[in-house]
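These are my notebook entries on a single protein chain. I set down what I looked up, entry by entry.

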Amino acid sequence: MTSRTPREPRLRLVPQNSPQRAPVQRRTAERRRTPRPPKGVLPPDRLARQARALLADAVRVAHWARAAGVSPEQDLARAAAELAMSTAELRENWSRARLAGLLEIDGEGGAVRAGWRLRAWDRDDTAALRGWVALFDAWCLARPAPPDADPSLVTDVVAAMPQLLSVMRLSEGPVTAAGLIDLMRRRVAELRAERPDGSGPEAPVSADAPIPEEDRAVTAERVRLLGWALDALSSVGALTLHARGDRPARARLTDLGSWAMWTKLEQICVAAQSPAGNIEQSAVAMLRGCATLTPGPARAEYRAWLAVRPTAPAVDELLAAARGEDALIRGLAFQALRVVGAPASEAVRAVVDDPVLRPYALLWLADHEGGDPRDRAESSLGVLTRSEATWLWVDTASAAQEHGAERLLLDHLDTAPQLTVAELVDEIRTCGHPRTVQVLLALAAVHPDQTVAKRVRRAAFQVHSGGA
């Protein structure tokens, strides 16, 4: 789930559907309406009450930060005293408030404002549920892995958890620790066998099979990290743990955890039945498969693809896809990141200094954190500098040119930050985009005014030859 209805880019390479296909599409949409929750899944109002109870302290901290206008970490002693919390509790609840998307934080000045979820928290069940789901999706950030853990083993455990949670949902009852350990071993073996980097395959080991001497240390560490994962998921309210001594004996999904996993499984099932079927593809292949879909079906594909992957690796894969040479894939990658919502904020903020991703990242952050993101994003200069807005215009235009949709370039002219074609051409020549020449030539080829077209072709030649 995302923090708000995602904005769609102005330039979408979607073929126009013939009028006679519209009834078929409407019937398809009717068949794909959200199914009713199964017996045992609580209604949204009761789930929202549970979400509010779990995040009550985080909401208190968020309100304090909104009133103060700054992070409580800037004055821990004062904030802890006024909120009657220890500094450790304050830091944990501040982290939860941010992961749940309750606040909007200025990346440079650190000013804090209330996000729409916080403003609607008490009256809108959707705000409460989306806030909790954002925290659930970021469970491995809510309680970080042990600092001495092997990063590759942490990655294995995080990647295996979606399947373990799915099994817990389908079992409709507690799962023993031994069963979870066996499931984790099998899933890790599958993941390693699928990797093209030579890290597998690793033979699956059953719970009763003897452990080879050389694997005992690795197995013990994975069991320890499984305990960390279960504890982290318990801390965000996704499951309950029953211990035997100091070791977990069995785990069971909470009502919120069961509902969240049912929602993800439904998304996977819907996508698996669709013609696209991109859930097993790489990020680039998935995005390319969504290029001709209209916004609604494309978002369904994004959600399904994300549902079967841990959030952090999925976000990294989408950003890696965005760094490629295909501008269309870049734009679609950030549309998919809008579906991720709050858990992607830190990773998107980290790429703001990447010149290729910077305009997209700034707009994504404005959309996710800004006071009125739709208005700000409609006027790019409210978020980007003039040169960044021009670079983004060229990048988006290159998507049309590369994918044979030059006819959209004339419509795309209306979105340029400049008032005239002459100003646009002058600034395009110095924006530094690698496909400037191709975009100018494509624009010259479709522009109806031959005088303007001639000027644009001359500018393309000057850029190609290195002239001013």
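Entry 1: a buried acid. For this entry I need one cut-off: a residue is called buried when its relative accessible area is under 20%. The model I examined is predicted. I looked up Asp367 and found it in helix α18, which spans residues 358–369. Its relative accessibility is 5%, so Asp367 counts as buried. I then asked which side chain makes a polar contact with the side chain of Asp367. The partner is the side chain of Arg338, at 2.7 Å.

Entry 2: a buried base. I turned to Arg169, which belongs to helix α9 (residues 151–171). With a relative accessibility of 10%, Arg169 is therefore classed as buried. I followed its side chain to the backbone oxygen of Ser258, which it reaches at 3.5 Å.

Entry 3: the chain as a whole. I noted 24 helices and 5 strands in the protein chain. Of its 468 residues, 49% are buried. I recorded an exposed area of about 22,800 Å², of which carbon and sulfur atoms supply 52%. Among contacts with a separation of 6 or more, 66% join residues 24 or more positions apart.

Entry 4: nonpolar cores. As background, nonpolar side chains in soluble globular proteins tend to be buried together. Here I found that the largest nonpolar core holds 70 residues. Those touching the most other members are Leu102, Leu103, Trp132, Trp139, Met161, Trp228 and Trp259. Helix α9 gives this core its largest share, 9 residues. The core takes at least three residues from each of domain 1 (44–139) and domain 2 (143–193 + 216–259). Apart from this core I located another, of 44 residues, which includes Met286, Leu318, Phe334 and Ala389.

Entry 5: helix α7 and Trp132. I traced α7 over residues 125–137; its 13 residues reach 18 Å from the first C-alpha to the last, close to the expected 18 Å. At the start of α7, a side-chain oxygen of Asp124 comes to within 2.8 Å of the backbone nitrogen of Thr126. Is α7 mostly covered or mostly uncovered? I found α7 mostly covered, with 10 of its 13 residues buried. Trp132 is one of these buried residues, and others include Gly131, Val133 and Asp137. I listed what Trp132 touches, leaving aside residues up to four places away in sequence: Ala51, Leu54, Leu55, Val236, Gly237, Ala238, Leu256, Gly257, Trp259 and Ala260.

Entry 6: helix α11. I traced this helix over residues 216–235; it has 20 residues and reaches 29 Å from its first C-alpha to its last, close to the 28 Å expected. Its buried residues include Trp228, which I had already listed among the core residues that touch the most other members. Polar residues also appear among the buried ones in α11, including Glu221 and Arg222. Just after α11, Gly237 takes a positive phi of about 85°. I had met Gly237 before, as one of the residues that Trp132 touches.

Entry 7: strand β1. I placed Ile105 in β1, which covers residues 103–105. Its relative accessibility is 23%, and Ile105 therefore counts as partly exposed. Finally I checked Ile105 against Leu365, 260 residues apart along the chain, and found their C-alpha atoms separated by 9.9 Å.

How values were computed
Residues numbered from 1 in each chain as written. Predicted model: local features only at pLDDT ≥ 70, side-chain atom pairs only at ≥ 80, totals over all residues. Heavy atoms only, no water. Helix = DSSP H or I, 4+ residues; strand = E, 2+ residues; numbered from the N terminus. Buried < 20%, exposed > 50% of the residue type's maximum accessible area, 1.4 Å probe, protein only. Polar contact = N/O pair within 3.5 Å; in protein donor to acceptor, adjacent residues only side chain to side chain. Contact = heavy atoms within 4.5 Å. Areas by Shrake-Rupley, 256 points an atom, 1.4 Å probe, with all protein chains shown as cover. Core = buried A, V, L, I, M, F, W, Y, C linked by side-chain atoms within 4.5 Å. Domains from an automatic or database assignment. Expected span 1.5 Å × (residues − 1).
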